[in-house]
Amino acid sequence: MNQNQEKQNAALAALDYIQYECILGVGSGSTVTSLIQNLKKVKHNIKALVSSSEDTTDKLKHAGFVVDELSNVGSPDLYIDGADEVTRNFYMTKGGGGALTREKILVAASRKIICIVDSSKIVDVLGKYPLPIEVIPMAKSYISREIIRLGGQPELRHNFVTDNGNFILDVHNLTIVDPPQLEKQINNIAGVVTNGIFAIKPADVVLIGQSNGVLTLENR
Ligand code: 5RP
């Protein structure tokens, strides 16, 4: 498997969804970097762009795009992002790069969500990849204890502060059998800003890069 080729094929397939006058939300990570490298091809179809991280904003600006504030553009028509894991029923975990909160805001605000991944990201059950939780710094120990009560093993991400000035706990050893329920439960812990389960609002389309093309899953 050539993972980079698969990421690129997924990213290229996403370009077809960027139609005339599109207000586009752009995710974060290496698969999205591949999207940004090819975004000029559909520049004529982009009315406005909003970004999910400082890193993505820098890359978009470097590629010659103007990046707008979400508050100024209304609802994005489309949000395109990668994932750390995704199931065939369109649930995702995200936040490996630490941008989960802004990513979740853009998912919530957007009309259509497209997930672009290489084939290694497809799983039957979420949780093997450590689940990121963005936490208010003063709550990190309290939240860690609550997560242990849920059966997870939290680990503070070292030398890392999010774009919002918070910390990340990466939670190991979770088997996420009911993603929407666990997403709600973790979000209810005081001091949690966001967790990396994207199930209450899952993807509409998953584009899975293959070595010679792409497999499209549509959530109907
Ligand atoms: C960043 C993310 C990314 O989408 C996720 O980590 C996947 O990244 P990559 O495309 O590099 O595999 O959620 O916060």
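This passage describes the fold, the strand pairing, the salt bridges and some surface and loop residues of one protein chain, as seen in a predicted model.

It helps to begin with the overall picture. The protein chain contains seven helices and 13 strands. Its radius of gyration is 17 Å, close to the 17 Å that the globule rule gives for 220 residues, so the chain is as compact as a globular protein of that length. Measured out along the principal axes, the C-alpha trace spans about 50 × 35 × 30 Å. Of the 220 residues, 53% count as buried.Turning to the strands, E1 (residues 22-26) and E2 (residues 46-51) pair in the parallel sense, and five bridges connect them. Within this pair, Gly25 stands opposite Val50 of E2. Helix H2 (residues 30-38) joins the two strands in a right-handed β-α-β unit made of E1, H2 and E2. Strand E2 is largely enclosed by the rest of the structure, because five of its six residues are buried. In a regular strand, side chains alternate between the two faces of the sheet.

A second arrangement of strands is an open sheet of three, with the order E4-E5-E11 and antiparallel pairing. Its edges are strand E4 (85-86) and strand E11 (197-198), each of which pairs on one side only. Between strand E5 (residues 92-93) and E11, the antiparallel pairing rests on two bridges. Here Thr93 has Ile197 in E11 as its bridge partner.

Charged side chains offer the next set of contacts. Side chains of opposite charge can pair when their charged atoms come close. The structure holds ten salt bridges. One of them brings together the side chains of Glu54 and Arg102, with an N to O distance of 3.1 Å. This pair links distant parts of the chain, since Glu54 belongs to helix H3 (residues 54-62) and Arg102 to helix H5 (residues 100-109), 48 residues apart. Glu54 is partly exposed, at a relative accessible area of 40%, and Arg102 also counts as partly exposed, at 25% relative accessibility.

Helix H5 takes part in another long-range link. Lys104 forms a salt bridge with Glu183, and the closest N and O atoms are 2.8 Å apart. Lys104 lies in helix H5 and Glu183 in helix H7 (residues 179-187), 79 residues apart, and the pair again links distant parts of the chain. Both Lys104 and Glu183 are buried. Salt bridges with shared partners also join Asp81, Lys94 and Glu103 into one network. Within that network, the side chains of Glu103 and Lys94 meet at 3.1 Å, N to O. Glu103 is buried, with a relative accessible area of 3%, and Lys94 counts as buried at 3% relative accessibility. Both values fall under the 20% cut-off for burial.

The surface has its own points of interest. A nonpolar patch is formed there by Ile136, Met138 and Val193, which together have about 300 Å² of accessible area. Ile136 sits in the loop between strand E7 (131-135) and helix H6 (140-149). With a relative accessible area of 37%, Ile136 is partly exposed.

Several further loop residues deserve a brief look. Ser75 is placed in the loop between helix H4 (70-73) and strand E3 (78-81), and is partly exposed with a relative accessible area of 35%. The C-alpha atoms of Ser75 and Lys47 are separated by 12 Å, and the two residues are 28 residues apart along the chain.

Two residues other than glycine have a positive phi. For Glu21, phi is near 65 degrees. Glu21 is found in the loop between helix H1 (3-14) and E1, where Glu21 counts as partly exposed at 40% relative accessibility. Asn159, also not a glycine, has a phi of about 50 degrees. Its loop runs between strand E8 (153-156) and strand E9 (167-172). Asn159 counts as exposed, at 85% relative accessibility.

Methods. Residues are numbered from 1 along each chain as its sequence is written. This is a predicted model: local features need pLDDT of at least 70, side-chain atom pairs count only at pLDDT 80 or more; totals for chains, interfaces and linings use all residues. Side-chain values use heavy atoms; hydrogens and water are left out. Buried means under 20% relative accessible area, exposed over 50%, partly exposed in between (1.4 Å probe, protein chains only). Helices (H or I, at least four residues) and strands (E, at least two) are DSSP runs, numbered from the N terminus. Two strands pair if DSSP finds at least two bridges between them. A crossover is right-handed if, with the strands pointing away from the viewer, the path from the first strand over the helix to the second runs clockwise. Patches are made of residues with over 30% relative accessible area and no salt bridge: like charges are joined within 9 Å, nonpolar side chains (Val, Leu, Ile, Met, Phe, Trp, Tyr) within 5 Å. Accessible areas come from the Shrake-Rupley method with a 1.4 Å probe; for residues, only the protein chains shown count as cover. A salt bridge is a side-chain nitrogen of Lys or Arg within 4 Å of a carboxyl oxygen of Asp or Glu. The radius of gyration is taken over C-alpha atoms; the globule rule is 2.2 Å times the number of residues to the power 0.38.
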